[in-house]
Amino acid sequence: MDGSYPTDPDEYFTQVAAGLDGLADVPDAVLFEVVTRDGACMLLHRLDLEPEWTGDDLTDRELAARICAGCPVRRECLELELRTSGEETLGVWGALPAEDVRALYPVWRSRRRRRGGHIGDGPGVAGGGQR
Ligand code: SF4
């Protein structure tokens, strides 16, 4: 994710959803532990180094690319947010702005139902992210 909008959204979201297939059998609690332990934004927060996100002219898409660049748990973060908030997501998760996570959600859910694996229980509390 480089801050630009995908030229073919259907293809893009299908590819992103496919990239999460390997996490289908990982329990929510494990994802939560990994994201809260290793998420780049979580580390900044723990070290009290979190920058002031508000007041910036960045769009959510650019902000997502900047915040999450280099985060080692982007896939886990996105998977967890899809399971816990789905279409009700807000903010930035797994290097995607909420607009993209909401667009991804039906693609991911449909794929997951076909292939099997966790889909979560709906809106709840997730780990990292910038809301
Ligand atoms: S929002 Fe998720 S992917 Fe982005 S830095 Fe935080 S934990 Fe990592």
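How many of the eleven residues of helix H5 (residues 74-84) are buried? In this predicted model, the count is ten of eleven, and the helix is thus described as mostly covered. The buried residues of H5 are Arg-74, Glu-76, Cys-77, Leu-78, Glu-79, Leu-80, Glu-81, Leu-82, Arg-83 and Thr-84. Across the protein as a whole, buried residues make up 34% of the 131 residues. H5 is also the element in which confidence is highest, with a mean pLDDT of 97. Confidence is lowest in helix H4 (residues 60-68), where the mean is 74. The average pLDDT for the protein is 84, and 79% of the residues score at least 70. Just after H5, Gly-86 adopts a positive phi of about 55°.

The protein contains six helices and two strands. Read from the N terminus, the elements follow the order α-α-α-α-α-β-β-α. Among contacts with a separation of 6 or more, 78% are between residues 24 or more positions apart.

The largest nonpolar core has 26 residues, and Val-101 and Leu-104 have the most contacts inside it. Two or more residues are given to this core by each of helix H1 (9-18), H2, H4, H5, strand E1 (92-93) and helix H6 (98-115). The largest share, five residues, comes from H6. Leu-104 touches Phe-13, Val-16 and Ala-17, when residues up to four places away in sequence are not counted.

These three partners of Leu-104 also appear in the packing of H1 against H6. Two packed helices are described by the angle between their axes and the distance between the axes. For H1 and H6, the axes come within 9 Å and cross at roughly 55°. H1 and H6 are therefore oblique to each other, since an angle of this kind lies outside the ranges counted as roughly parallel (under 35 degrees), roughly perpendicular (65 to 115) and roughly antiparallel (over 145). The crossing of H1 and H6 is right-handed. On the H1 side the contact involves Pro-9, Phe-13, Thr-14, Val-16 and Ala-17, and on the H6 side Ala-103, Leu-104, Val-107, Trp-108 and Arg-111.

A second helix pair is formed by H2 and H5, which pack at an angle of about 135° with their axes 9 Å apart. That angle makes H2 oblique to H5. The crossing of H2 and H5 is left-handed. From H2, the residues in contact are Asp-28, Leu-31, Phe-32, Val-34 and Val-35; from H5, they are Glu-76, Cys-77, Glu-79, Leu-80 and Arg-83.

Two further residues of H2 were examined individually. Thr-36 is found in helix H2 and counts as partly exposed, because it has 17 C-beta neighbours inside 10 Å, whereas 20 or more are needed for a buried residue. The C-alpha atoms of Thr-36 and Cys-77 are 9.0 Å apart in space, although 41 residues separate the two in sequence. Asp-38 is also placed in helix H2 (residues 28-38). Asp-38 has 16 C-beta neighbours inside 10 Å and therefore counts as partly exposed. Asp-38 and Cys-71 are 33 residues apart in sequence, and their C-alpha atoms are 8.0 Å apart. Leaving aside neighbours within four places in sequence, Asp-38 is in contact with Pro-72 and Val-73.

Arg-115 lies in helix H6. Arg-115 counts as exposed because it has 11 C-beta neighbours inside 10 Å, and the limit for an exposed residue is 12 or fewer. Its contacts, leaving aside neighbours within four places in sequence, are with Asp-21 and Ala-24. The C-alpha atoms of Arg-115 and Ala-24 are separated by 8.9 Å, and the two residues are 91 apart along the chain.

The backbone at Ala-95 was considered last. Most residues other than glycine have a negative phi. Ala-95 is not a glycine, yet has a positive phi of about 75°. This residue lies in the loop between E1 and strand E2 (96-97). With 23 C-beta neighbours inside 10 Å, Ala-95 counts as buried.

Notes
Residues are numbered from 1 along each chain as its sequence is written. This is a predicted model: local features need pLDDT of at least 70, side-chain atom pairs count only at pLDDT 80 or more; totals for chains, interfaces and linings use all residues. Helices (H or I, at least four residues) and strands (E, at least two) are DSSP runs, numbered from the N terminus. pLDDT is the predictor's confidence in each residue, from 0 to 100. Two residues are in contact if their C-beta atoms, placed from the backbone, lie within 7 Å. A nonpolar core is a set of buried Ala, Val, Leu, Ile, Met, Phe, Trp, Tyr and Cys residues joined through C-beta atoms within 7 Å. Axes are lines fitted to C-alpha atoms, for helices over the stretch in contact, and angles run from 0 to 180 degrees between N-to-C directions. A crossing is left-handed if the near helix is turned anticlockwise from the far one by less than a right angle, and right-handed if clockwise.
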